[in-house]
Amino acid sequence: MDAGVIVAIAIGAIVLIALVAFLAKRGREQRRDTKRVEAHETRREAQVRGARADKAEAYAEERAARAKREQAEASEAAAVADRERRAAGERHEYADNVDPDR
């Protein structure tokens, strides 16, 4: 085989190896870029979901506070009703004691 053919084959092989290495590197970079975009979108989605969770939690806390306040108001109203019922009973008893026809 002629020395020029051997040199040409060696140069061709080196060029082919360099081309394969270049294409492999480019493919890795594209996959890396794709994964970066995917990670960014995933973080953004997580941020939105976190904000929704915060909003839902605040709404739940607000409803719980409202329920607690309403329970306290109901307890207070029951206490007032009980006092009024006792006062009414005392007044009936007093009226029965004072009434000369009884």
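The exercises below concern salt bridges in this predicted model.

**Exercise 1.** Determine whether the side chains of Asp33 and Arg36 form a salt bridge, and state where the two residues lie in the helix.

Solution.
- Step 1. The cut-off is a Lys or Arg side-chain nitrogen within 4 Å of an Asp or Glu carboxyl oxygen.
- Step 2. For Asp33 and Arg36 the N to O distance is 2.8 Å, and the pair is a salt bridge.
- Step 3. Both residues belong to helix α1 (residues 3-98), where a spacing of 3 residues puts about one helical turn between them.
- Step 4. Asp33 has 42% relative accessibility and is therefore partly exposed.

**Exercise 2.** Find the salt-bridge partner of Arg49 and classify both residues as buried, partly exposed or exposed.

Solution.
- Step 1. The partner is Glu45, with the closest N and O atoms 3.3 Å apart.
- Step 2. Arg49 and Glu45 are 4 residues apart in helix α1, about one turn.
- Step 3. Exposed requires over 50% relative accessible area, and buried under 20%.
- Step 4. Arg49, at 54%, is exposed, whereas Glu45, at 45%, is partly exposed.

**Exercise 3.** Repeat the analysis for Arg86 and Asp82.

Solution.
- Step 1. The closest N and O atoms of Arg86 and Asp82 are 2.7 Å apart, in a salt bridge.
- Step 2. These residues of helix α1 are 4 residues apart, so about one helical turn separates them.
- Step 3. Arg86 has a relative accessible area of 47% and is partly exposed; Asp82, at 36%, is also partly exposed.

**Exercise 4.** State how many salt bridges the model contains by this rule.

Solution. The count is 4 salt bridges, among them Asp33 with Arg36.

Note on methods:
Residues numbered from 1 in each chain as written. Predicted model: local features only at pLDDT ≥ 70, side-chain atom pairs only at ≥ 80, totals over all residues. Heavy atoms only, no water. Buried < 20%, exposed > 50% of the residue type's maximum accessible area, 1.4 Å probe, protein only.
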